[in-house]
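Start with the overall fold, then work inward to strands, cores and single residues. Keep the coordinates open while reading.

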Amino acid sequence: MMDSLAGRLLVAGPTLRDPNFARTVVLVARHEEDGALGVILNRPAEVTVGDAVPELEEVLDGAEVMWVGGPVQPNGVVVLAEWDDPAPAASLVAGDIGLLAARADVQELAGEARRARAYAGFAGWGPGQLDGEIEREDWILATALPQDVFCDTPDDLWSGVLRRLGGTYGLMASMPIDPSVN
């Protein structure tokens, strides 16, 4: 197994055609021998937090958009937050950003998090699966920045991270979805 990728971004390579992940940016929250877990950062859902998870409305703005975190357990909810006090976090993955622990009281978000987002589902990989996908160059690795995690322009995140990486990746950023129409 390669070194842990927790806290890194996975940027979908241009040949990754799986509709669940094409042109996505995934924040890896956990990467261990038994598998990996992350959330897609640039897939807003067509529903608000208040409509999807009314019990979160007290601690998150109910009018905020819900996010599609990935194809695994799409009816489950994962909360990613930027913490003042990380006690309610499962673990920190990028600076003071981490997932709300399953055992934590959701009310702790109100007093301990500066900002938070709710995701329907998550991205998951079995043992060695993510390592294999990276070796096949399905994913491009990048450093996660707070502005990536809480991006206000999700449609621009994929190309923005590639431009930041520069070189060949910068060229990929302007590549059309279907290069044959070029």
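**A walk through the fold**

Gln73 is exposed, with a relative accessible area of 54%. The cut-off for that label is over 50%. Gln73 lies in strand S6, residues 72-83. Its backbone deserves a look too: phi of Gln73 is near 50 degrees, a positive value in a residue other than glycine. Keep in mind that this is a predicted model.

Now step back to the whole chain. The protein has six helices and 10 strands. Its radius of gyration is 16 Å, close to the 16 Å that the globule rule gives for 182 residues, so the protein is as compact as a globular protein of that length. Along the principal axes, the C-alpha trace spans about 50 × 35 × 25 Å. Of the 182 residues, 45% count as buried. The accessible surface comes to about 9100 Å², and 49% of that belongs to carbon and sulfur atoms. Contacts reach across the sequence: among those with a separation of 6 or more, 61% are between residues 24 or more positions apart.

Strand S1 is a good place to enter. It covers residues 8-12, and four of its five residues are buried, so S1 is largely enclosed by the rest of the structure. What does S1 pair with? Five bridges join S1 to strand S10, residues 139-143, and the two run antiparallel. One such bridge sets Arg8 against Thr143 in S10. S1 also pairs with strand S2, residues 25-32, again in the antiparallel sense, over three bridges. There, Val11 stands opposite Val25 of S2.

The loop between S1 and S2 holds Pro19 and Arg23. Pro19 counts as exposed, at 66% relative accessibility. From Pro19 to Thr168 the C-alpha distance is 24 Å, with their positions 149 residues apart in sequence. Arg23 is partly exposed, with a relative accessible area of 27%. Arg23 is not a glycine, yet its phi is positive, about 55 degrees.

Next, the interior. Which residues have the most contacts inside the largest nonpolar core? They are Leu27, Leu41, Leu80 and Trp139, in a core of 43 residues. S2 supplies the largest share of this core, five residues. A second, separate core has 17 residues, including Val53, Val59, Ala81 and Ala113.

Leu41 shows how the larger core draws on distant parts of the sequence. Leaving out residues up to four places away, Leu41 touches Leu9, Val25, Leu27, Trp67, Leu80, Tyr119, Asp148, Val149 and Leu157.

Val39 sits in strand S3, residues 35-40. Is Val39 buried or exposed? Its relative accessible area is 2%, so Val39 is buried. With the same sequence exclusion, Val39 touches Val25, Val26, Leu27, Gly69, Val78, Leu80, Tyr119 and Phe122. Gly69 is 30 residues away from Val39 in sequence, but their C-alpha atoms are 4.4 Å apart.

Return now to S6, the strand that holds Gln73. S6 pairs with strand S8, residues 97-100, in the antiparallel sense over three bridges. Ala81 has Gly98 in S8 as its bridge partner. Ala81 also belongs to the second core. S8 has another antiparallel partner, strand S7, residues 89-94, with four bridges between them. One of those bridges joins Ala94 to Ile97. S7 and S8 form a hairpin with two residues between them. In that turn, Gly95 has a positive phi of about 65 degrees.

A general point helps when viewing these strands. In a regular strand, side chains alternate between the two faces of the sheet.

End with helix H5, residues 154-165. At 1.5 Å a residue, its 12 residues should span 16 Å; the end C-alpha atoms are 18 Å apart, which agrees. Which residues of H5 are buried? They are Pro154, Leu157, Trp158, Ser159, Val161 and Leu162. Leu157 is one of the residues that Leu41 touches. After H5 comes Gly166, and its phi is positive, near 75 degrees.

Methods: Residues are numbered from 1 along each chain as its sequence is written. This is a predicted model: local features need pLDDT of at least 70, side-chain atom pairs count only at pLDDT 80 or more; totals for chains, interfaces and linings use all residues. Side-chain values use heavy atoms; hydrogens and water are left out. Buried means under 20% relative accessible area, exposed over 50%, partly exposed in between (1.4 Å probe, protein chains only). Two strands pair if DSSP finds at least two bridges between them. A nonpolar core is a set of buried Ala, Val, Leu, Ile, Met, Phe, Trp, Tyr and Cys residues joined through side-chain atoms within 4.5 Å. Contact means heavy atoms within 4.5 Å. The expected span of a helix is 1.5 Å times one less than its number of residues. The radius of gyration is taken over C-alpha atoms; the globule rule is 2.2 Å times the number of residues to the power 0.38. Accessible areas come from the Shrake-Rupley method with a 1.4 Å probe; for residues, only the protein chains shown count as cover.
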